[in-house]
Amino acid sequence: MKDRFELIKPDEFQDRIIKSIGKDWMLITAGKMDHYNTMTAAWGGLGYLWNKPVSYIFVRPQRSTYEFTEQYDRYTLSFFDESFRDKLMYCGRHSGRDVNKAKETGLTAIETANQNIAFEEARLIIECRKLYADDIKQDKFIDPLVDLKMYPENDYHRMYIGEIQSILERK
């Protein structure tokens, strides 16, 4: 893995992260090589909180990945170039309870030096250790239209904040 990826310090990381998450999408993955799940996500972000570089992600309770983000204390964010759009769509539309997403898409799961699961084909991998989790709550919306539009079935996401442990960028 060392020959394919370069370790980037969080304070030296440069990426158009709003575009990368919101338009290009990412895979959130949690687990171990023999027990993991991944899902496509377009919500989240990176920043600085509690004197640490952090990511924040959102996972709905009905997603199979939710069980994995709950069970394991770390997760990865894998970003791909545009040629992987169909594979990311597949991972977003199918449940890991029903199919082996890596097998079906041809993505290659790899174990990082920190024993996290990511994908060999990624252009960027961000490894995170969970620090905090909480559910989005209906009574906390300041703009009720967001709640009405995004949560008509009251299936609120759980937010995870994770300390960024490493950033791996394809060479």
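A residue is called buried when its relative accessible area is under 20%, exposed when that area is over 50%, and partly exposed in between. These terms are applied below to a predicted model.

Salt bridges are described first. Side chains of opposite charge can pair when their charged atoms come close. In this model, eleven salt bridges were counted. One of them joins aspartate 135 to arginine 158, with the closest N and O atoms 2.7 Å apart. This pair links distant parts of the chain, since aspartate 135 belongs to strand E9 (residues 124–135) and arginine 158 to strand E10 (residues 158–170), with the two positions 23 residues apart in the numbering. Aspartate 135 has a relative accessible area of 33% and is therefore partly exposed. Arginine 158, at 16% relative accessibility, counts as buried.

A second salt bridge is formed by the side chains of aspartate 24 and lysine 19, at an N to O distance of 3.0 Å. Aspartate 24 is buried, because its relative accessible area is 16%, and the cut-off for that term is under 20%. Lysine 19 has a value of 36% and is thus partly exposed. In a further pair, the side chains of glutamate 82 and arginine 85 meet with an N to O distance of 3.2 Å. Glutamate 82 is exposed, as its relative accessible area is 51%, and exposed residues are those over 50%. Arginine 85 has a relative accessible area of 16% and is buried. Salt bridges also link Lys52, Arg129 and Glu163 in a network.

The pockets were examined next. The largest pocket has a volume of about 370 Å³. Its lining consists of 17 residues, and Met39, Thr40, Ala41, Ala42 and Arg63 are those nearest the centre of the pocket. At least two lining residues are supplied by each of strand E3 (35–41), strand E5 (52–59) and helix H3 (85–93). Helix H3 gives the largest share, with four residues. By residue type, the lining of the largest pocket is made up of ten nonpolar, four polar and three charged residues.

On the surface, Leu49, Trp50 and Tyr132 make a nonpolar patch of about 290 Å². Leucine 49 is part of strand E4 (residues 44–49). Its relative accessible area is 31%, so leucine 49 is partly exposed. A patch residue must have over 30% relative accessible area, and the 31% of leucine 49 satisfies this condition.

Two residues other than glycine have a positive phi. Asparagine 51 has a phi of about 60° and is placed in the loop between E4 and E5. With a relative accessible area of 69%, asparagine 51 is exposed. Glutamine 115 has a phi of about 65° and lies in the loop between strand E7 (109–111) and strand E8 (117–119). Glutamine 115 is partly exposed, because its relative accessible area is 46%.

Glutamate 67 is located in helix H2 (residues 64–71). A relative accessible area of 40% makes glutamate 67 partly exposed. The C-alpha atoms of glutamate 67 and tyrosine 36 are separated by 9.8 Å, while the two residues are 31 residues apart along the chain.

Methods:
Residues are numbered from 1 along each chain as its sequence is written. This is a predicted model: local features need pLDDT of at least 70, side-chain atom pairs count only at pLDDT 80 or more; totals for chains, interfaces and linings use all residues. Side-chain values use heavy atoms; hydrogens and water are left out. On a 1 Å grid over the protein atoms alone, a cavity is a set of points where a 1.4 Å probe fits but cannot get out, and a pocket is an open set with protein on both sides within 12 Å along at least five of seven lines; lining residues have an atom within 4 Å of a point. Grid points are joined across faces, edges and corners, and a volume is the space filled by probe spheres set on the points. Ala, Val, Leu, Ile, Met, Phe, Trp, Tyr, Cys and Pro count as nonpolar, Asp, Glu, Lys and Arg as charged, and the others, Gly among them, as polar. Patches are made of residues with over 30% relative accessible area and no salt bridge: like charges are joined within 9 Å, nonpolar side chains (Val, Leu, Ile, Met, Phe, Trp, Tyr) within 5 Å. Accessible areas come from the Shrake-Rupley method with a 1.4 Å probe; for residues, only the protein chains shown count as cover. A salt bridge is a side-chain nitrogen of Lys or Arg within 4 Å of a carboxyl oxygen of Asp or Glu. Buried means under 20% relative accessible area, exposed over 50%, partly exposed in between (1.4 Å probe, protein chains only).
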